[in-house]
Amino acid sequence: MLRDIANVLISEERIRDRVHAIGADLAGEFSRIEEDESSLVLMPVMTGAMVFAADLIRQLPFKLKLELVAVSSYPGKSMASKGAMMASDLPKDLEGKHVLIIDDILDSGSTIAVLKSLIEEQNPASVKVCVLLEKIRKDGPPIAKADYVGFEIPDEFVVGYGLDYDGYYRNHPEIVTLHEDAL
Ligand code: 5GP
Ligand code: MG
């Protein structure tokens, strides 16, 4: 696996520090929610957000619920989004809840746009978006915005810390690019 790596974009240590800082920001925001803290719903987008979400949620000392959702956009070996589609059911009881979508990376924004509009149909109290990475795209800005962004990265295909290529490399602890012959 290590010989497939071309460049390390973000080290383990930088990820750890940044996730810590975002956790502190979120904890500050959540503690201002006046209502019952049990109205918090954290919604990691599977499978890419699982590592980020696992680290982040342990910094949030609230009585919250986790609701996993799946959105498919990069099937198999493709490296460009084919447009986002829900690949799981959304929870049906989001009315009045404070929902935080957690994803690995914001690219075109279609994953977040699709999820957000479906969540908003249920009249939640709020919907916020937290992503570890945002790509600075050559094609212009994304169609959806994130409220919390860990790192901005150049328009390159990355893996590690939850992100995959053809299902592999999710367990690599850094954000890296791959050699062309690994793709
Ligand atoms: P969007 O819908 O914003 O175009 O794309 C977001 C989704 O595409 C992310 O949730 C992620 O699954 C996938 N994605 C976007 N860029 C990359 C990338 O550089 N590497 C990997 N592994 N997945 C990506
Ligand atoms: Mg994804």
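Tyr169 sits in the loop between E8 and E9, and that is a good place to start looking around this predicted model. The phi of Tyr169 is near 75°, a positive value in a residue that isn't glycine. Tyr169 has a relative accessible area of 10%, so this residue is buried, the cut-off for that label being under 20%.

Asp166 belongs to the loop between E8 and E9 too. Here again phi is positive, at about 55°, and again the residue is not a glycine. Asp166 counts as partly exposed because its relative accessibility is 31%. For background, most residues other than glycine have a negative phi, and most peptide bonds are trans.

That last point leads to another backbone oddity. The peptide bond joining Met46 and Thr47 is cis, with omega at about 0°. As for where this falls, Thr47 is part of the loop that runs between strand E2 (40–46) and helix H2 (50–57).

**Around ligand 1**

Now for the ligand. Which residues come nearest to ligand 1? Out of the 17 residues around it, they are Ser108, Gly109, Thr111, Val158 and Asp164. Sorted by class, the shell around ligand 1 comes out as five nonpolar, six polar and six charged residues. Strand E6 (98–106) and helix H3 (110–120) each put at least two residues into that shell, and E6 has the largest share, with three.

Several polar atoms of the protein lie close enough to ligand 1 to list with their distances:

| Protein side | Ligand 1 side | Distance |
|---|---|---|
| Asp107, polar backbone atom | oxygen atom | 2.9 Å |
| Lys135, side-chain N or O atom | oxygen atom | 2.9 Å |
| Val158, backbone N or O atom | nitrogen atom | 2.7 Å |

How much of ligand 1 does the protein bury? Taken alone, the ligand exposes 510 Å², and 94% of that is buried by the protein.

Val158, then, turns up among the nearest residues and also in the table, through a backbone N or O atom 2.7 Å from a ligand nitrogen. Asp164, another of the nearest residues, gives a handle on the chain around it: its C-alpha is 16 Å from that of Ile153, with the two positions 11 residues apart in sequence numbering. Ile153 itself is in strand E8 (residues 148–154). With a relative accessibility of 3%, Ile153 counts as buried.

**The second largest pocket**

Leaving the ligand aside, there is open space elsewhere to look at. Rolling a probe the size of a water molecule over the atoms shows where empty space is left. The second largest pocket has a volume of about 170 Å³. Its lining is made up of Glu12, Ile15, Arg16, Val19, His20, Asp55, Arg58, Gln59, Tyr161 and Pro173. Which helix gives the most to that lining? That would be H1 (residues 12–31), which supplies five residues. By class, the lining has four nonpolar, two polar and four charged residues.

**The segment after E9**

Finally, a look at the segment after strand E9 (175–178), where Ala182 is found. Asp181 lies in the segment after E9 as well. Buried or exposed: what are Asp181 and Ala182? Asp181 has a relative accessible area of 69%, so it is exposed. Ala182 is at 17% relative accessibility and therefore counts as buried.

Both residues pair up in space with positions far back in the numbering. Asp181 and Asp4 are 177 residues apart in sequence, yet their C-alpha atoms are 7.8 Å apart. For Ala182 and Ile5, the sequence gap is 177 residues and the C-alpha separation is 8.3 Å. Set against these, Ile153 and Asp164 make a handy contrast, being 11 residues apart along the chain and 16 Å apart from C-alpha to C-alpha.

Technical notes:
Residues numbered from 1 in each chain as written. Chains lettered and ligands numbered in written order. Predicted model: local features only at pLDDT ≥ 70, side-chain atom pairs only at ≥ 80, totals over all residues. Heavy atoms only, no water. Near = heavy atom within 4 Å. Polar contact = N/O pair within 3.5 Å; in protein donor to acceptor, adjacent residues only side chain to side chain. Areas by Shrake-Rupley, 256 points an atom, 1.4 Å probe, with all protein chains shown as cover. Helix = DSSP H or I, 4+ residues; strand = E, 2+ residues; numbered from the N terminus. Nonpolar A, V, L, I, M, F, W, Y, C, P; charged D, E, K, R; others polar. 1 Å grid on protein atoms, 1.4 Å probe; cavity = no way out; pocket = protein on both sides within 12 Å on 5 of 7 lines; lining within 4 Å. Points joined across faces, edges and corners; volume = space filled by probe spheres on them. Buried < 20%, exposed > 50% of the residue type's maximum accessible area, 1.4 Å probe, protein only.
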